[in-house]
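Dear colleague,

I am handing over the structure we discussed, which may be new to you. Please look through it before reading the notes beneath it.

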Amino acid sequence: MNVSDLKVIVTGAASGMGRHFALELAREGADVIACDIDGAGLADLAEASDGASGTLGTVRANVAVESDVVSMVQHATDKLGYINGLINNAGIFRDHLLVKVDKKTGTLKKLPLDLWQAVIDVDLTGPFLCTREVAAQMIENGVRPGVIIGISSISRHGNPGQSNYSAAKAGLVADTKLWAAELARYGIRTGAIAPGFVDTPILQAMRPEMLEKLLSGVPVRRLGTPQEIYQGIKFIVECDYFTGKVIEIDGGLTI
Ligand SMILES: NC(=O)c1ccc[n+]([C@@H]2O[C@H](COP(=O)([O-])OP(=O)(O)OC[C@H]3O[C@@H](n4cnc5c(N)ncnc54)[C@H](O)[C@@H]3O)[C@@H](O)[C@H]2O)c1
C-alpha cells in the first residue's frame, strides 16, 4: 500500500508526534483527517498543511468518548468517501507510584483511581473505540486493503510510576496482535510502534538535568525525532506482509 493512497485518521494530531505524522502524510499525498481535543492546535495544524499534495481536514473529538468517536469516523467517511487507515496516536500520562510513603510526613499516598482511569480511557479505550469504528466502516464499505497503527511505548514492558500508562500501552500491543488475527480476512492489517524517548513538547518541558539522566540510559545518547517514528509508520503502511507486530524504535533503550 502506498502512503499516497491513504485516506487516514490521525488521532492526537494537534501536537508532538501526531502533528508531525499528519503533516508528513499529507505532504506525501495522503488525505488526512486530524482529530484532537485541542481546537486551537488543530487550527494551527490546518494552516501548516498549506501546500501539501494531499488534503488535511480537522475534527475536534475526544477519543475516550464513544459518541465523539462514532461521529468523528462518520464525518471522516462522509468527507473522504471512505477511510483505509487509522493512526491511534492520542495519549496522555499521569504518573504516580502505586503506593508511596512521603519521606517528610510519613503519610502513605495511593495512586488515585481517577488517575488510573483517565489514562486507561484515553490510551486504551480510545484506540479500542477508534479501531472498532474504523474497522466497521472498512468492512461495511468493502474497503481493502486497510491499515491500523497504534502508538504504544517502551513503557509497555512495565515502567515504575506508570501502572496506568504501562497497562494501557501493553494492552494496545495485545489488541494490535488479536485485531490482526481477527481482521486479516477483511484485508485489514495492524501494527504498533513502541517509541523510546522522543523529542516532543512533553520532553521539551523537562528540566535539563532530568533529561540528561533520562538519556544516560539510551545507548545512542539522544532523543528520537518524530520523523524517525514516522519512518516506522511508513514501513508498516508500505509492507503488505507486515501485520500484528510491534516495532520498538528506542535508540537501544530496551536492549
Ligand atoms: N514523546 C515521547 O517520548 C513518547 C514516547 C513513547 C510513546 N509516546 C506516545 O506517543 C503519542 C504521542 O505523544 P506526544 O509526545 O506527541 O504527546 P503530545 O502531548 O505532544 O500530543 C498528544 C496529543 O494528544 C491529544 N489528546 C490528549 N487526549 C486526547 C483525547 N482524549 N482525545 C483526542 N486527543 C487527545 C493532545 O491534545 C495532544 O495534541 C502518545 O500516545 C504517547 O503516549 C510518546
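The notes below take up the sheet, the helices packed on it and the surroundings of the ligand.

Please bear in mind that this is a predicted model.

The sheet is open and consists of seven strands, whose order is β3-β2-β1-β4-β7-β8-β9. The strands pair in parallel. At the edges stand β3 (56-60) and β9 (245-249), each of which has a pairing on one side only. From one strand to the next, the twist averages 20°.

The pairing at the β9 edge can be described in more detail. Strand β8 (residues 188-195) runs parallel to β9, and five bridges join the two. Within this pair, A192 is placed opposite V246 of β9.

Two helices may be considered together with the sheet. Helix α8 (residues 226-238) packs on the sheet and touches β4, β7, β8 and β9. The direction of α8 makes about 160° with that of β8. Helix α4 (residues 113-140) lies across β1 (7-11), β4 (85-88), β7 (146-151) and β8. Relative to β4, helix α4 runs at about 180°.

Turning to the ligand, 28 residues surround it. The closest of these are G12, S15, G16, G91 and T200. Two helices, α1 (16-27) and α6 (201-204), each contribute at least two residues to the shell around the ligand. By character, the residues of this shell comprise 15 nonpolar, eleven polar and two charged.

With kind regards

How values were computed:
Residues numbered from 1 in each chain as written. Predicted model: local features only at pLDDT ≥ 70, side-chain atom pairs only at ≥ 80, totals over all residues. Near = placed C-beta within 6 Å. Helix = DSSP H or I, 4+ residues; strand = E, 2+ residues; numbered from the N terminus. Nonpolar A, V, L, I, M, F, W, Y, C, P; charged D, E, K, R; others polar. Pairing = 2+ DSSP bridges. Axes fitted to C-alpha atoms, helices over the stretch in contact; angles between N-to-C directions. Contact = placed C-beta atoms within 7 Å.
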